[in-house]
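User: I have a structure to go through with you. Can you take my questions one at a time?

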Amino acid sequence: MPPPRRWPQPAMPELPEVETTRRCLEPIVVGRCITAVEVGHPRMLRRQLRAGDFEARLRRRTIEGLRRHGKFLVAELSGDLSWVTHLGMSGRLQLASPRVDREPHTHVVVRLVGGTEIRFVDPRTFGFVAAYTPDELAETSLARLGPDALDSLPPTRSLATALAGRTAPIKALLLDQGVLAGLGNIYADEALHRAGVDPHRPGGSLDVEELKRLRSAVKATLAAGLRWGGTSLDDLAYLLPDGRAGEYVERLRAYGREDEACLRCGAPIVREVLRQRSTYWCRGCQR
DNA sequence: ACCTCCCTGGCC
DNA sequence: GGCCAGGGAGGT
């Protein structure tokens with residue numbers, strides 16, 4: 001047995017983790033009414049225009065739908081309000097009975113009719129919650145997101161238009177939520193590895209063939225992440241709402257595999273810092 | 001288009 | 001005791 005790999009510290013909820021969370025919550029919460037709301041950490045409300053609004057806006061509303069755009073989870077509430085949750089770096093949502101002890105760093109608790117609680121646990125507090133009217137929502141960063149990488153992945157020609165003339169590294173552009181919404185550091189590295197594209201390449205320098213490969217790679221990477229329930233690292237910062245761990249970590253091809261052999265060409269995967277972010281890639285087969 | 005900051009647990 | 005991880009906002 002090889003020693004267990006030491007994964008880089010943070011789990012990072014990205015599109016597959018948020019979508020897995022959404023799918024797990026949807027059948028439980030949609031159609032149910034919110035009876036009580038507690039916010040234990042004021043920082044969670046830093047994106048709410050008036051902090052006092054959040055609890056009042058949620059209470060007694062019914063959750064009519066649960067959607068996702070990029071990494072944002074949006075519960076549509078009765079009365080035309082949107083409850084927005086972003087998991088940040090270390091956030092996760094939990095379904096729990098009120099009888100079960102709260103975990104440390106449980107910053108928001110939303111209780112539903114019947115007693116079930118949706119709990120937002122976030123040690124590093126990069127996540128947040130907010131309740132917006134339609135007008136307010138139109139002014140948030142949610143309204144400035146690019147197309148969703150899973151549900152609305154643009155055709156190759158649209159990607160070519162979006163990237164034309166861009167000189168920033170393709171990795172940075174994949175992380176730019178205004179270009180494409182949903183990829184974070186793990187899945188950006190995975191997609192570039194699958195596509196065989198060097199993360200440093202200026203975005204505008206990719207030819208049509210490369211863009212086709214990259215588009216397919218994004219699709220395949222997200223589908224694989226979803227299929228395995230997302231990526232839970234050793235710290236288990238990310239877990240599904242029912243407590244299960246995502247299993248994609250065992251299937252990562254680049255991220256976290258420094259000095260290990262590339263699964264495609266055998267060259268060692270290297271780690272370097274690109275735009276202040278860890279980047280794992282293969283010098284042998286990513287060009 | 002780029003850099004800095006926020007925040008905390010885990011590791012050296 | 002200090003450093004590192006990073007999504008997104010804000011500033012330059």
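User: Start with DNA strand B. How is the surface near it split by class?
Analyst: The surface near DNA strand B has three nonpolar, four polar and five charged residues. Near means that a heavy atom of the residue lies within 4 Å of the strand. Ala, Val, Leu, Ile, Met, Phe, Trp, Tyr, Cys and Pro count as nonpolar, Asp, Glu, Lys and Arg as charged, and the others, Gly among them, as polar.

User: What kind of model is this, and what was left out?
Analyst: This is a predicted model, with pLDDT of at least 70 needed for local features and 80 or more for side-chain atom pairs, while totals for chains, interfaces and linings use all residues; side-chain values use heavy atoms, without hydrogens and water. Residues are numbered from 1 along each chain as its sequence is written, and chains are lettered from A and ligands numbered from 1 in the order in which they are written.

User: Which residues come nearest to DNA strand B?
Analyst: Of the twelve around the strand, H105, P123, F126, R166 and R275 come nearest.

User: Which polar side-chain atoms lie by a phosphate oxygen there?
Analyst: One of R275 lies 2.4 Å from a phosphate oxygen of DNA strand B, and one of H105 lies 3.1 Å from a phosphate oxygen of that strand. For R43, a side-chain N or O atom is 3.5 Å from a sugar or linking oxygen of DNA strand B. A polar contact is a pair of N or O atoms within 3.5 Å.

User: And how much of the DNA strand B side is sugar or phosphate?
Analyst: 68% of the strand's atoms within 4 Å of the protein, with the rest in bases.

User: Now DNA strand C. Which residues come nearest?
Analyst: R47, H86, S141, R271 and R277, out of 16 residues around DNA strand C. Sugar and phosphate make up 60% of the atoms of DNA strand C that come within 4 Å of the protein.

User: What are the distances to phosphate oxygens for R47, S141 and R271?
Analyst: A polar side-chain atom of R47 is 2.3 Å from a phosphate oxygen of DNA strand C. For R271 the distance is 2.3 Å, and for an N or O atom in the S141 side chain it is 2.5 Å.

User: Different topic. How many disulfides?
Analyst: Zero, where a disulfide is a pair of cysteine sulfur atoms within 2.5 Å.

User: Why is C265 not bonded to C282?
Analyst: Because the sulfur of C265 is 3.4 Å from that of C282, its closest cysteine sulfur, which is too far for a bond.

User: Is C282 buried or exposed?
Analyst: Buried, at 0% relative accessibility. C265 is partly exposed at 40%. Buried is under 20% relative accessible area, exposed is over 50%, and partly exposed is in between (1.4 Å probe, protein chains only).

Note on methods: A polar contact is a pair of N or O atoms within 3.5 Å; within protein, one must be able to donate a hydrogen and the other to accept it, and residues adjacent in sequence count only if both atoms are side-chain atoms.
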